[in-house]
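Me: Please show the structure, and let us then discuss it in questions and replies.

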Amino acid sequence: MRPKPVQNIDHINSGDTVTEAADDAAYMVAEAENKSFVATEAVKESERVSKMAEDANSLLQLANEILEKCKFILLLQSLLFHFILICVLIHTSAGSRGEIVVMG
């Protein structure tokens with residue numbers, strides 16, 4: 001609904017003017033209430049999206065922390081593997097010839 005255009009005042013009696021003014025006021029109140037509702041819903045949606053962004057950021061930080069810990073653990077495992085491999089090679093070489101052989 002839209003407010004009716006203002007008519008020429010010479011052709012309007014006071015009853016019509018009051019009725020039209022009341023109709024226009026009622027329309028404006030309804031329109032304002034609708035805009036208020038839409039604005040309230042937009043604020044709720046904005047808050048929901050903001051919360052989702054915060055949650056996503058928290059998950060990203062957690063994933064980065066896990067990645068860093070995994071990198072450290074993988075590094076330790078690699079070092080341990082190489083240490084064991086060197087020990088086995090030293091033991092095998094020393095046992096067969098009585099000497100230490102370092103392989104490159």
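The exchange below treats the fold, the exposure and selected contacts.

Me: What kind of model is this, and how many helices are in the protein?
Reply: The model is predicted: local features need pLDDT of at least 70 and side-chain atom pairs pLDDT 80 or more, while totals for chains, interfaces and linings use all residues. Residues are numbered from 1 along each chain as its sequence is written, and side-chain values use heavy atoms, leaving out hydrogens and water. Helices (H or I, at least four residues) and strands (E, at least two) are DSSP runs, numbered from the N terminus. The protein has zero strands and one helix.

Me: What percentage of the 104 residues counts as buried?
Reply: Buried means under 20% relative accessible area, exposed over 50%, and partly exposed in between (1.4 Å probe, protein chains only). Of the 104 residues, the buried share is 3%.

Me: Is K35 buried or exposed?
Reply: K35 lies in helix 1, four residues from E31. Their side chains meet in a salt bridge (3.2 Å, N to O), defined as a side-chain nitrogen of Lys or Arg within 4 Å of a carboxyl oxygen of Asp or Glu. E31 is partly exposed at 29%. Because its relative accessibility is 53%, K35 counts as exposed.

Me: Which residue forms a salt bridge with E45?
Reply: The partner lies in helix 1 with E45, three residues apart, about one turn of the helix. The closest N and O atoms are 2.7 Å apart, and the partner of E45 is R48.
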